[in-house]
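Reader: I am new to this structure. Please show me how to read its features, one at a time.

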Number of protein chains: 2
Amino acid sequence: MDSYPSILLENAVRQVNSLPGIGQRTALRLVLNLLRRSDADVEAFTGAISRLKKEVRYCSCCHNLSDSDVCPICASHHRDHQTICVVENVQDVLSIENTGQYAGVYHVLGGVISPMDGVGPKDIEIDSLVERIEKEQVKEVILALPTTMEGDTTNFYIYRRVAQYLEPPYALRITQIARGVAVGNELEYTDEITLGRSIVNRLDFKA
Amino acid sequence: MDSYPSILLENAVRQVNSLPGIGQRTALRLVLNLLRRSDADVEAFTGAISRLKKEVRYCSCCHNLSDSDVCPICASHHRDHQTICVVENVQDVLSIENTGQYAGVYHVLGGVISPMDGVGPKDIEIDSLVERIEKEQVKEVILALPTTMEGDTTNFYIYRRVAQYLEPPYALRITQIARGVAVGNELEYTDEITLGRSIVNRLDFKA
């Protein structure tokens, strides 16, 4: 498709096409959908994106996205500030929040250590995590990073950096989220690594 | 997902989520992708959409999208202006252009007659089509509307409106694009209506 009747249309389609997972046909469909809307609606669309880019900040404590200096979770008195869940990115915070099962706070690394991609410990928010653990008398750090080589490397690096706080007089605990057969999934369709790990990490049955 | 850490993020996600076929998770992924780009890149993204909405025009002749009063196809001296292909929308023009098989011009109706949706002949560009046929000594009108009840109704309505030009001294010809088994498709997987029509409308074999 390179015979667009309008350069304006072509530019808009090219921009939307630059988004991940949006092909050229889909981009055209989305652009024509926007074009059918009112001026005010298109203004609201582009305005919301512009304002987000210009005005959004990162929480000075957990590095999650925030409208102000400190995000609502870090500012809340209802959260347990001595439990920190370490996640790779903003989506992970949303996913855990949606479970409604977590009352602690977060620390968003903004990536994982990946020498292949040139991402070292200094490129993600590990120093600020260690600082928080030192200053805020944190009792538990929950590692919720992806189970990839990079995630494991990052877990191990964090563990080493904070290992001193595991000994008295400190009482830090480092945990990681449970990996196992997803609730509702059948064993025969579960991959071997997951199933194997769910047997090794079995729990006492509670009736 | 309603626990966004930022109203700005929530607004941007809601706007992107309003696009057809883009769910909330995908919207979040796209917005976070935009957020990782430079200010200039985000400006280019929103700017391309804003400019399209503000500056794009409709060709005064064929009603395709255009940067100027007359679109490149209608302005071209290399096209056969006595053959008009009638299509429902802008995407259809692009699809036919991409075949490289058509040297005539187009007429974009901007919809099809659909009493159920309150779309009558006056709501789409039929009057302007009839005017073009009268004024420009058109020799052939190719109907390329969808094979739906609405498409058929629109075909029939156009036929009736221009039927007078089929008789001498005029020499208008009304055709429709061939429907049949798609090239490369196997007969056993072709739906019965298409296969039936491809037998009824069989052509002389050319060796």
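Reader: Which strand pairs with β3 of chain B over 5 bridges?

Author: Two strands pair if DSSP finds at least two bridges between them. Helices (H or I, at least four residues) and strands (E, at least two) are DSSP runs, numbered from the N terminus. Here, β3(B) (residues 80–87) runs parallel to β4(B) (residues 104–108), with 5 bridges. B:Cys85 stands opposite B:Tyr106 of β4(B). Between β3(B) and β4(B), the chain passes through helix α5 (residues 90–99) of chain B in a right-handed β-α-β crossover. Right-handed means that, with the strands pointing away from the viewer, the path from the first strand over the helix to the second runs clockwise. β3(B) also pairs in parallel with β5(B) (residues 140–143), through 4 bridges. There, B:Thr83 has B:Glu140 as its bridge partner.

Reader: What should I know about the model and its numbering?

Author: It is a predicted model: local features need pLDDT of at least 70, side-chain atom pairs count only at pLDDT 80 or more, and totals for chains, interfaces and linings use all residues. Residues are numbered from 1 along each chain as its sequence is written, chains are lettered from A and ligands numbered from 1 in the order written, and side-chain values use heavy atoms, leaving out hydrogens and water.

Reader: How many salt bridges are there over all chains?

Author: Side chains of opposite charge can pair when their charged atoms come close. The rule asks for a side-chain nitrogen of Lys or Arg within 4 Å of a carboxyl oxygen of Asp or Glu. The count is 18 over all chains. In one, A:Glu97 meets A:Arg79, with the closest N and O atoms 2.8 Å apart. A:Glu97 lies in helix α5 of chain A and A:Arg79 in the loop between α4 and β3 of chain A, so the pair ties together parts 18 residues apart in sequence.

Reader: Are A:Glu97 and A:Arg79 buried or exposed?

Author: Buried means under 20% relative accessible area, exposed over 50%, partly exposed in between (1.4 Å probe, protein chains only). Both A:Glu97 and A:Arg79 are buried. B:Lys135, by contrast, is exposed at 64%. B:Lys135 forms a salt bridge with B:Glu131, at 3.8 Å between the closest N and O atoms.

Reader: How many disulfides does a search of the whole structure find?

Author: A disulfide is a covalent bond between the sulfur atoms of two cysteines. The cut-off is a pair of cysteine sulfur atoms within 2.5 Å. The search finds 0 over all chains. A:Cys74 is in none; its nearest cysteine sulfur, that of A:Cys62, is 3.6 Å away.
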